[in-house]
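Thank you all for making the time this morning. I would like to walk through one structure with you, going slowly enough that you can follow each point on the screen.

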Amino acid sequence: MTIVKTPVDLAGRIGRILSEHEAVEGACLVVLQAIQREFGYVPAGALEPVARALNLSHADVYGVLTFYHDLRRAPPARHVVRVCQSEACQAMGSRSLTEQLSRRFDIGLGETTADGATTLEAVYCLGNCALSPAVTVDGALYGRATEFLVLERLGAAE
Amino acid sequence: MKSETFFVSSDSASVSVGADDLVRAITAEAARRGIEPRIVRTGSRGLYFLEPMFELETQEGRFGFQPEGTMAECVTEMFDIGVEARTCLGLMDDLPWLHKQERLTFERCGIVDPRSINDYRFHGGFLGLERALGMAPEDIVAAVTESGLRGRGGAGFPAGVKWSTVRGAPGDVKYVCCNADEGDSGTFADRMLMEGDPFLLIEGMIIAGLAVGAGKGFIYIRSEYPAAIQMMRQAIETARIAGWLGGDIRESGKAFDIEIREGAGAYVCGEETAMLESLEGKRGMVRAKPPLPALEGLFGRPTVVNNVLTLAAVPMIVARGAAFYRNYGMGHSRGTQPFQLAGCIRNGGLVEKAFGTTLRTLIEDFGGGTATGRPLKAVQVGGPLGGYIPEHLLDLPADYEALAEAGFMLGHGGLVVFDDRADMLEQARFAMEFCAIESCGKCTPCRLGAQRGVEVIDRVAAGVEPAKNLALLDDLCTLMKDGSLCALGGLTPMPVRTALYHFPGDFERAAAQGDIRWA
C-alpha cells in the first residue's frame with residue numbers, strides 16, 4: 001500500500017492557486033494541472049476546495065481528475081521513463097524495447113520499481129515518429145531509443 | 001576563419017538525437033580557435049533522417065553538415081577545410097529531398113529563428129494579416145473559400161464553409177479554436193510548425209478572428225509537446241508586445257487575443273467537440289452533433305475549430321491570393337499537404353507536396369524505402385484510425401478522394417511504414433486496444449465494442465472457432481462504424497478491416513497455429 005502524506009500547508013497553497021486562476025474561464029482542468037505542477041500530483045484534499053471555489057460538485061472535479069491520463073493521484077517515482085507504444089514506434093521495435101525495460105526493472109507498464117525509484121509508463125505518440133522508437137526519461141525526449149540509452153540517461157540522472 | 005554563422009535546429013526531435021550536443025561541440029571548437037560563432041537556433045527543415053545536422057552560412061548559401069562518427073571530429077574538419085569536408089552535404093537548397101518539395105506552409109520552417117518576430121517579417125510574415133486588416137470580413141472568407149482550402153485535421157471539411165457559418169451565426173461573442181492536439185501516430189507536422197514558425201499560426205488565427213468576428217482564440221496543445229507549448233507562449237507574448245496581438249492590432253482598432261491551453265494526455269480530445277469540452281475544463285467527452293460547433297461551440301458560442309495546418313495556410317492565401325494556392329493540387333484537394341514519413345523508413349521526415357503525388361513517390365523517392373532494407377509490407381496512412389495499405393496499392397494518389405474511394409483515408413497526412421516483420425493481426429488488435437484505452441466512454445459501440453474487439457481477435461489468434469469469430473469481428477466493425485458518436489469508435493474498424501482484407505494470411509496463420517499469446 002502506498003502511503004501518501006498530506007502536503008504541508010495544503011489549504012494555503014491550493015488557495016493561492018485558486019486565486020491565481022480566478023479569471024480563467026472553465027478553470028477546473030487548468031487548476032488541477034496547476035495543483036499537479038505544485039505538488040507533483042493532485043492530493044485528495046484538493047478536491048473539496050477546488051469544487052467549492054469553482055461552484056462544481058465534488059463528483060465533477062473527481063470526474064475530471066480521473067479522465068485524463070496525465071493527472072496523478074499519488075506522487076510519481078523519482079524517475080519516470082515513458083515508452084511510446086504507437087504504430088510508428090511499433091514499426092521500429094518499441095514492443096521489444098518495452099519488454100527489455102520491463103525485464104530490466106522487473107515491472108510492467110504503469111508500475112514502479114520495488115525501491116520506488118523508477119516508474120515505467122506507456123505514452124501514445126511523442127511526435128518523434130521519424131526518429132522512432134521514442135522515449136522520454138524524466139521529461140526529456142529521445143529518438144532512436146535503445147535499452148542502453150535509457151539506462152545511460154537514468155544513470156546520468158542519479 | 002572569421003566569425004561564422006551556424007544554424008542548428010532547436011526542434012525537439014532534432015534535440016532528441018543530439019542537436020544541443022552539436023551546438024556545444026561547435027562552441028567548444030570555436031573557443032579553442034579564439035572565435036565567437038553566431039549560432040542561430042532554427043526550427044527543423046524536416047530532414048530528420050539527417051539529424052543531428054548543422055548548416056554553415058556562406059556567400060553562396062547555407063551548406064549542410066551531417067556528422068558521422070563523433071561530432072567533435074566533424075566540427076574540427078569543418079573549421080579546417082569548410083565546405084570541402086567529407087561530412088558536407090552541399091548546398092541545402094540543392095538537396096533533392098528539399099528541392100523536389102513544394103513548400104508553402106513550411107517555407108520558413110528550419111530557415112528562420114522562430115523566436116524572432118523581425119526574422120518572421122523579413123521572410124514575408126504578416127503580409128497576409130496586413131492585407132486582411134484592410135479587407136471586409138466577407139472578402140477574407142471569400143478568399144479562403146475560393147482557395148479550396150480544406151481542414152487539414154483529417155476530415156477535410158471546406159474551411160471557407162465553416163468560416164462562413166460562424167460569420168453568419170448570431171451573437172457578439174465568438175471564438176477561434178486551434179486544435180493542436182496532434183495525437184495521431186506518424187504525425188508531427190503541427191509540432192514542427194509550432195516549434196519552427198509559431199508566428200505563422202498566430203497570424204492565421206488573427207485573420208480567422210477578423211473574418212468571422214471573433215475576439216478571442218484558444219490553442220489547445222497536447223501536453224506531450226512541451227517545447228511547442230513553450231514556443232507558442234513565447235511567440236504570443238512577443239506578438240503582443242510588438243502590437244500584432246491584443247486590444248488594438250497595429251492601430252487598426254481591431255482586437256484579437258490568444259490563450260494557450262494544455263491538454264492532459266487524452267487522445268480523444270483531438271476530436272473537436274471533446275476538445276471543446278476539455279477547453280471548458282470538463283472531461284473530454286464527445287458531444288453529439290448537431291448542434292455544430294460553428295453555431296454552438298466553446299461555452300455555447302459560435303466557434304471556428306481548425307487544425308494548426310489549416311490556420312497556417314491562411315496567411316499565404318490572403319497575401320498571395322486564392323488562385324495562387326488553388327493552382328496546387330488535384331480535383332477537390334487543393335494546395336499542398338505536409339506529408340510525414342515515419343516508422344520503418346530510411347529517410348523519415350516531412351515532405352510538403354501538392355496533393356496528387358503518389359504514396360510510392362513519397363515512400364520510395366523521398367523516403368528511400370524501409371529503414372531495414374527489408375520488403376515493405378504495409379503503410380498505415382492517416383494515424384491510428386487509418387487503413388493499412390499493402391505494397392501493391394502504393395501508386396494511389398495521396399489526396400482525399402482517391403484514398404477514400406479505395407477504402408482508406410488521408411487523415412492528417414502521416415505515413416507509417418512497416419516492413420515484412422509486421423504482423424497485421426497484432427496491428428488490428430492494437431487498433432481495438434488503443435480505442436478501448438482512449439474511448440471517452442460516452443457511446444456504447446466505442447466503449448464496449450473496442451473491448452469486445454480485442455477479445456474477438458484474441459480468440460481468432462488462439463484458434464478458437466476462427467471463422468465464426470472473424471464473422472463476429474466483421475459484424476462488430478459494422479456496428480462501431482455506424483453506431484459510434486465520433487471518429488474514434490467510427491474509424492477504428494478501418495485499420496482492423498484493412499488489415500484483415502489485405503493481409504488475411506496473418507489471421508489464417510495465427511488461427512491455424514492456435515497461437516495462444518493472448519488467450
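I will begin with confidence, then take the interface, the cores, the aromatic contacts and finally some backbone details.

What you are looking at is a predicted model, and the predictor gives the complex an ipTM of 0.96 together with a pTM of 0.97. For chain B the mean pLDDT is 96, with 98% of its residues reaching 70 or more. As a general caution, where pLDDT is low, the predicted coordinates should not be read in detail.

Let me turn to the interface. Here 37 residues of chain A are in contact with 62 residues of chain B, and between them the two chains bury about 3600 Å², of which 54% is on carbon and sulfur atoms. If you look for the residues of chain A that contribute most to this, A:Phe67, A:Glu87 and A:Tyr124 supply 19% of the area that chain A buries against chain B, more than any other three residues. Please keep A:Tyr124 in view, since this residue also belongs to one aromatic cluster with B:Tyr267, B:Phe430 and B:Phe434.

Next, the nonpolar cores. The largest of them has 153 residues, and those with the most contacts inside it are A:Ile35 and A:Tyr68 from chain A, along with B:Trp163, B:Leu201, B:Ile202 and B:Ile219 from chain B. Which helix gives the most to this core? That is helix 10 of chain B, residues 198-212, with eleven residues. To take B:Ile202 as an example, and leaving aside its neighbours within four places in sequence, this residue is in contact with B:Met232, B:Ala235, B:Ile236, B:Ala239, B:Leu245 and B:Ile258. There is also a second, separate core of 29 residues, which includes B:Met53, B:Leu98, B:Leu403 and B:Leu410.

While we are on buried parts, I would draw your attention to helix 9 of chain B, where eight of its eight residues are buried. The list holds B:Ala189, B:Met192, B:Leu193, B:Met194 and B:Gly196, but also B:Asp190, B:Arg191 and B:Glu195.

One of those helix 9 residues, B:Gly196, comes up again if we look at B:Val112, which is found in the loop between helix 4 (96-99) and helix 5 (117-122) of chain B. Is B:Val112 buried or exposed? With a relative accessibility of 2%, below the 20% cut-off, B:Val112 counts as buried. Apart from its neighbours within four places in sequence, B:Val112 is in contact with B:Thr42, B:Gly43, B:Asp119, B:His123, B:Gly196 and B:Asp197. By contrast with these contacts, B:Ala319 lies 19 Å from B:Val112, C-alpha to C-alpha, and 207 residues from it in sequence.

Now to the aromatic side chains, where a search of the whole structure finds 19 aromatic pairs over all chains. The one I would show you is B:Tyr48 with B:Phe188, an edge-to-face pair at 5.5 Å centre to centre, with 80° between the planes. B:Tyr48 lies in the loop between strand 2 (38-42) and strand 3 (54-58) of chain B, whereas B:Phe188 lies in the loop between strand 6 (175-180) and helix 9 (189-196), so the pair ties together parts that are 140 residues apart in sequence. Both partners are buried, B:Tyr48 with a relative accessible area of 1% and B:Phe188 with one of 0%.

Two rings also carry a charge above them. The charged end of B:Arg250 sits over the ring of B:Trp244, 4.0 Å from its centre, and that of B:Lys100 sits over the ring of B:Phe366, 5.5 Å from the centre.

Lastly, the backbone, and in particular the loop between helix 12 (272-279) and strand 9 (303-307) of chain B, where B:Pro290 lies. The peptide bond from B:Lys289 to B:Pro290 is cis, with omega near 0°, and a cis bond also joins B:Pro290 to B:Pro291, with omega about 5°. That loop also holds B:Phe299, whose phi is near 50°, a positive value in a residue other than glycine; B:Phe299 is partly exposed, with a relative accessible area of 30%. In chain A, A:Asp9 likewise has a positive phi, about 55°, although it is not a glycine, and A:Asp9 is placed in the segment before helix 1 (10-20).

Note on methods: Residues are numbered from 1 along each chain as its sequence is written. Chains are lettered from A and ligands numbered from 1 in the order in which they are written. Side-chain values use heavy atoms; hydrogens and water are left out. Rings of Phe, Tyr and Trp (its six-membered ring) pair if their centres lie within 6.5 Å; planes under 30 degrees apart count as stacked, over 60 as edge-to-face and the rest as tilted. Helices (H or I, at least four residues) and strands (E, at least two) are DSSP runs, numbered from the N terminus. Buried means under 20% relative accessible area, exposed over 50%, partly exposed in between (1.4 Å probe, protein chains only). A charge sits over a ring if NZ of Lys or CZ of Arg is within 6 Å of the ring centre and within 35 degrees of the ring normal. pLDDT is the predictor's confidence in each residue, from 0 to 100. A nonpolar core is a set of buried Ala, Val, Leu, Ile, Met, Phe, Trp, Tyr and Cys residues joined through side-chain atoms within 4.5 Å. Contact means heavy atoms within 4.5 Å. Buried area is the accessible area (1.4 Å probe) that two parts lose on being put together, summed over both.
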